[in-house]
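Good morning, colleagues. I would like to take you through the cysteines and the charged side-chain pairs of one structure. Please look at the display before we begin.

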Amino acid sequence: MADQAFFAALAADAAGVTELAAIAAYPQIGRGDEKAADQVAVDAMRTALNALPIDGKIVIGEGERDEAPMLYIGEKVGTGAGPAIDIALDPLEGTTLTAKAMANALAVLAMSPGGGLLHAPDTYMDKIAVGPGYDAGVVDLDAAPQDNIAALARAKGVSPERITACVMDRPRHAELIAALRQVGCRIVLITDGDVAGVIHTAEPETGIDIYLGQGGAPEGVLACAALKCVGGQFQGRLVFRNDDERARAERTGVTDFDRKYDLHELVSKDAVFAATGVTKGAMLDGVTMERGFVSTHTLVMDSASRTVRRIRMTRPI
């Protein structure tokens, strides 16, 4: 019970941090300035993290120290007076979505005891994810897309045409999309936000069964923290475009460049995950400000108790 109480408190802290970041980003919705939107969310999240009674370390952040003046990988946050905590974050997942007032922008944070989160380099990652309720290994990153859809359809007891896949709408996914079309499944194409895309597989109301494609490795760790809380499955492999990215990976301790990671290697200890909607999306409503009050909608997950909460908060501005 002590561990569950610890993670429940940590989850509440995480929700408070993402709420503040989302609120800070709200005035930038539809303003067309991605950098300004990201910066205000970063500033708010950093301030909130530094108020927490933890010895926190950013392991997934805005980039390496020379590239990110705040919330960089390796930065220490918190008061320093509490337990060692690994932190993965994206203060504004969907800077373009926010700047263009499009759906599904989120403020996202995951926390785990020290050593619990893989220090994923800022590179791409091939990913496949499904939600809970399936036998282990029901899909495989190394299998053809058509085979994964067929396997998932069998496990679900439906035809492949009843399976819905989520893929980021990028030129690099042209062959993947063509393969999925060939097998006949539905495809939901998203413009940004692959953390939300992966999490959608664990949210029945989204109708998404599987996520496939290539996105950021740091976002893969964030999404795995959420899936760990509900029992989903994830596999990923780092993708390197040049020697600089390989060197960056080596600095984070990666030595096997071809390794296929599963969820429990990316998030090896219990974790909490929080996401607050900035703009309204399939999973969460966005921030609203009316008549002197601000309202938020936050998803909070805790793997220690396998608890999922949705919190609606309203307070005076």
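A disulfide is a pair of cysteine sulfur atoms within 2.5 Å. By that criterion, a search of the whole structure gives 0 disulfides. Before going further, I should state that this is a predicted model, in which local features need pLDDT of at least 70, side-chain atom pairs count only at pLDDT 80 or more, and totals for chains, interfaces and linings use all residues. Residues are numbered from 1 along each chain as its sequence is written, and side-chain values use heavy atoms, with hydrogens and water left out.

Why does Cys185 form no disulfide? The closest cysteine sulfur belongs to Cys166 and lies 11 Å from that of Cys185, which is too far for a bond. Cys229 presents a similar case: its closest cysteine sulfur, in Cys224, is 11 Å away, again too far for a bond.

On accessibility, buried means under 20% relative accessible area, exposed means over 50%, and partly exposed is in between, using a 1.4 Å probe and protein chains only. Cys185 is buried at 5%, and Cys229 is buried at 0%.

I turn now to salt bridges, each defined as a side-chain nitrogen of Lys or Arg within 4 Å of a carboxyl oxygen of Asp or Glu. The count by this rule is 14.

One of them joins Arg310 to Glu203, with the closest N and O atoms 2.0 Å apart. This pair links distant parts of the chain, 107 residues apart: Arg310 is in strand E14 (residues 307–316), while Glu203 is in the loop between helix H6 (194–199) and strand E8 (210–216). Helices (H or I, at least four residues) and strands (E, at least two) are DSSP runs, numbered from the N terminus. Arg310 is partly exposed, at 40% relative accessibility, whereas Glu203 is buried, at 4%.

How many residues separate Arg246 and Asp243 in helix H8? They are 3 residues apart in that helix, which spans residues 243–251, and this corresponds to about one helical turn. Their side chains meet in a salt bridge of 3.4 Å, N to O. Arg246 is partly exposed at 30%, and Asp243 is exposed at 61%.

A further salt bridge connects Asp285 with Lys280, the closest N and O atoms being 2.6 Å apart. Here Asp285 is partly exposed, at 21%, and Lys280 is exposed, at 54%.

Finally, salt bridges also form a network, which links Asp140, Asp142, Arg237 and Lys260. Thank you for your attention.
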